[in-house]
Amino acid sequence: MTAEDPVVDVRDLHVTFATDGGDVAAVRGVSLRVEPGEVLAIVGESGSGKTVTARSILGLLPETATTSGAVVLRRNTDTGASDVLSLSPSALRQVRGRDAAMVFQEPSTALNPVFPVGWQIAEGLRAHTSLSRSEAHKAAVDVLRRVGIPDPEARAKYYPHQFSGGQKQRIVIAQALVLDPGLVIADEPTTALDVTVQAEILELLRRLPTEFGTSVVLITHNMGVVADLADTVAVMYAGEIVEQADVRTLFSAPRHPYTRALLDAVPRVGASRRSAPATATPRAAAPAEPAAPVVEAKSLTITYPGRLRQPGFTAVDHVDLTIEPGQVLGLVGESGSGKTTIGRAIAGLTPVTSGSLTVLGTQVRGISERKMRPLRRRIGFVFQDPATSFNPLLTIAQCVAEPLMVHGVAGDPRDARPRVDELLEAVQLDRSYGDRFPHELSGGQRQRASLARALALDPELIIADEPTSALDVSVQARVLELFVQMQAELGFASLFISHDLAVVDLVADRIAVLHHGTLVEEGDPAQVLDAPRDPYTQRLLASLPVPDPDEQAERREAWRALTGVSANAS
Amino acid sequence: MTADIANLATPPSPEDLEPLVTPDHGPRWHRLPIVRQVRTSVGLQRVMLVTGLVLTGIFILAAIFAPLIAPYSWAQLRDGSGLFGSQQAPSSAHLLGTTVGGYDVLSRVVWGSRTALLTIVTAVVLSLFLGVFLGLVSGYFGGWLDRVLVVVADAIYAFPSLLLAIVAAIVISHGQSSLWNGILAAAISITVVFVPQYFRVVRSEVVRVKAEAFVESARVIGSSSARIMTRHVLRNSVRTLPLIMTLNCSEAILTLAGLGFLGFGIEPSSAAEWGYDLNKSIADVTSGIWWTSIFPGVAIVLTVLGVTLVGESLNDLADPRLRTRRAAGGGRRGARAARREQRTTTEPEEAR
């Protein structure tokens, strides 16, 4: 065995799960090789088997799984290799952490909240080596410094809740690196993070092969992350690898139709305006007579009450907004920026603390539930997660008929059915879907049904709260297309909330950027996205990885210049 | 506006017609509550469930057909050939012997199942309605009502349940004893003890469901609170109740027997009651008369065991983490499995 051998060699891997409905083949004949110092990205949609493939490298599959094939992992102690699938439990425990380690998606759940982070990192060392307590602690502090935690001696004694999300992910990565494994498996390492934090974590992950000498298996659905980080890419679909190529080849000349569809579906900032510069004009054209704005917020402030003897938390701080009739306002911001709170306040779900919020000519501040009800008829709401926004015990038709029945348009679901069928067809769902239950529809179908429900009463305003962030990228493209089409046909005004600048760019007439509850920038998309004035908007744009390796490399340099991160130290 | 939507409705393109993902349900009776669980269970869990079902079935059948099964009435002391006699050993006339009071043991055991069943049904129905209603209102509206009800429920927990049951029995029956008086006394005292359990379970479920997006979407639509509670919250909060009900049934039997054993139950002339018979057989045990205590005791044990087995296995089967399954690949791979597999492969159809 030489250093040229692959770190991990997966040969014809099959994984089958026993479920209540019979066996499900999650992975069917996957073969992969990861060379030393290489970053391999596995991309695919949810359910394509990418996580199962990666977890089988560490033998981390549930008991219901049956595997066949071979996963040959190079040993870190000598130059030999072992087949993970045939190892005994105790041998497997030796392999984990030493030869290959894992970085999980959600850093806040991957760390134990009751132990200091330094202790948690040292735990892996004590399990595999005979280091003393102080030596292990020293090693933990050292690895914390290397992943960019400032003042690691003091902060090793901190508990996980004292760190921000991005720092927690750094700690999780440190935990994976402390034993110098040959391979780090990162399962959606940045999905739970904001885009500016994501850029920092990607910067750290990029340093792993050169500074720590580890190979990386990166699982992601974000093509921008792939373009930023990967050397080679494996595209998975329905448990099989449909295409495997190095990153430049894959992005410039995708061979498999699925890969092409996946790349086409990724929204890019400015793409819609560049390809069809005229589309924005007819929509932006206001009605001839000046109509009253649909939503008008003046110095809107929303405060969540604090606990006993603690000040409340101001989620929205003196925000001024207007949405004209027929206009789509895209509201962008990171988690905690107050964008969802504004949407909920307009829908009357969250009380307004101070300032003024006028929705459809009615002052919402301090409004009673009784006075709010007639207003609700004129507002539609599309929720983030279509899986939970439908009552699981009602059929789709009954769910869509709910607004009609509540407002007395129809007496019972049967009366409402013709209108429901119309709505379902309008969102391009066959009317037979009305008789199914929500769990029998895919995510995209459910979100279209959700749009149908929001449109049921011909509302003048639709509030869409991250309507596509729970969907796969190709499904997202269809839902967005449908949203734009319906908006053009029906002319409703809309507040479109999203954390994704590229998505907002596709649908919005105007864009407002929120940061820590304050409005930092507002304007039409061309101005905000192509020539941002506010430093936060600039940083947000620079952090967004684009699905093109060469362009992303340029953007990375721009981002480094903007945030003051030099290429070799952070 | 309605016409607008109709006009813009374009026929879906062929690639848009995603494959039907309706799960294969099989014949309608396969979906019935107990049948479905028996079908999905395997191994030890299936043995437990089937044993429990058989024991419970025997208990219910005995209760329903007591007049046909039991050779005598529960309070019968004599037949055509005179008095039965007291503490007679098992014989052809009295298969399980007679008690110290001169009753036929077999008849008392069989009729006793009827008393037990009536008590269980009354107790569970009463506590179910009361507990679910209070839990729903308390969990949905919250506020001071919620706080008061939770404190009351906690206070009831703090009482020894049998003591509470005795107090309730005295208040209800005023010392009078008849079949329905006795059953109601036992049932209501059990209800008082069980309402807090249902209340707590439903309340916590309601608090969870209340935060779900579909309840929020109902609020955004403008539904009234009553409609949200009945249509959206209630049905989504009662999924665990069947399990608690089965477990409570066995507790109800034990409480009834305990009341009877302590002398707060039903007089032998009103109805047969296992706890009462056990009480009267205490003296027999030391004098070698085994049949008066063993049979009512076994009846209690088997009934409780049966109902508990059903409850426990339903609980395990309802939880995907506790449910055992056939090993993948090893078991039979029927058409269902193949269809399921096909379905998962065609799921990301929208990508095409």
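**Strand pairing and burial in chain A**

Biologist: How many of the residues of strand E19 of chain A are buried?

Modeller: The model is a predicted one. In it, strand E19, residues 510–515 of chain A, is mostly covered. A residue is classed as buried if 20 or more other C-beta atoms lie within 10 Å of its own. The number of E19(A) residues that are buried is six of six.

Biologist: Which residues of E19(A) point the other way from Arg510(A), Ala512(A) and Leu514(A)?

Modeller: Side chains leave E19(A) in two directions, and Arg510(A), Ala512(A) and Leu514(A) share one of them. Both groups are buried. Those pointing the other way are Ile511(A), Val513(A) and His515(A).

Biologist: Does strand E13 of chain A run parallel or antiparallel to E19(A), and which residue of E13(A) stands opposite Val513(A)?

Modeller: Strand E13 covers residues 328–332 of chain A, and four bridges join it to E19(A). The two strands run parallel. Opposite Val513(A) in E19(A) stands Val332(A).

Biologist: Which residue in the turn between E19(A) and E20(A) has a positive phi?

Modeller: Strand E20 comprises residues 518–523 of chain A, and five bridges join E19(A) to it in an antiparallel arrangement. Within this pairing, Ile511(A) stands opposite Gly523(A). The two strands form a hairpin with two residues between them. The turn residue with a positive phi, about 50°, is His516(A).

Biologist: What are the bridge partners of Thr16(A) in E2(A) and of His14(A) in E4(A)?

Modeller: Strand E1, residues 8–19 of chain A, pairs in the antiparallel sense with strand E4, residues 65–74, over eight bridges. E1(A) also pairs with strand E2, residues 22–34 of chain A, again in the antiparallel sense, over 10 bridges. For Thr16(A), the partner in E2(A) is Ala25(A). For His14(A), the residue opposite in E4(A) is Ser68(A).

Biologist: What is the radius of gyration of chain A, and why is the chain described as compact as a globular protein of that length?

Modeller: Chain A contains 23 helices and 20 strands. For its 570 residues the globule rule gives 25 Å, and the radius of gyration is close to this, so chain A is as compact as a globular protein of that length. The C-alpha trace spans about 80 × 50 × 50 Å along its principal axes. The radius of gyration is 26 Å.

Biologist: What percentage of contacts in chain A between residues at least 6 apart in sequence join residues at least 24 apart?

Modeller: Of the 570 residues in chain A, 50% are buried. Contacts are counted here between residues at least 6 apart in sequence. Those that join residues at least 24 apart make up 66%.

Technical notes. Residues numbered from 1 in each chain as written. Chains lettered and ligands numbered in written order. Predicted model: local features only at pLDDT ≥ 70, side-chain atom pairs only at ≥ 80, totals over all residues. Pairing = 2+ DSSP bridges. Buried ≥ 20, exposed ≤ 12 C-beta atoms within 10 Å, placed from the backbone. Rg over C-alpha atoms; globule rule 2.2 N^0.38 Å. Contact = placed C-beta atoms within 7 Å.
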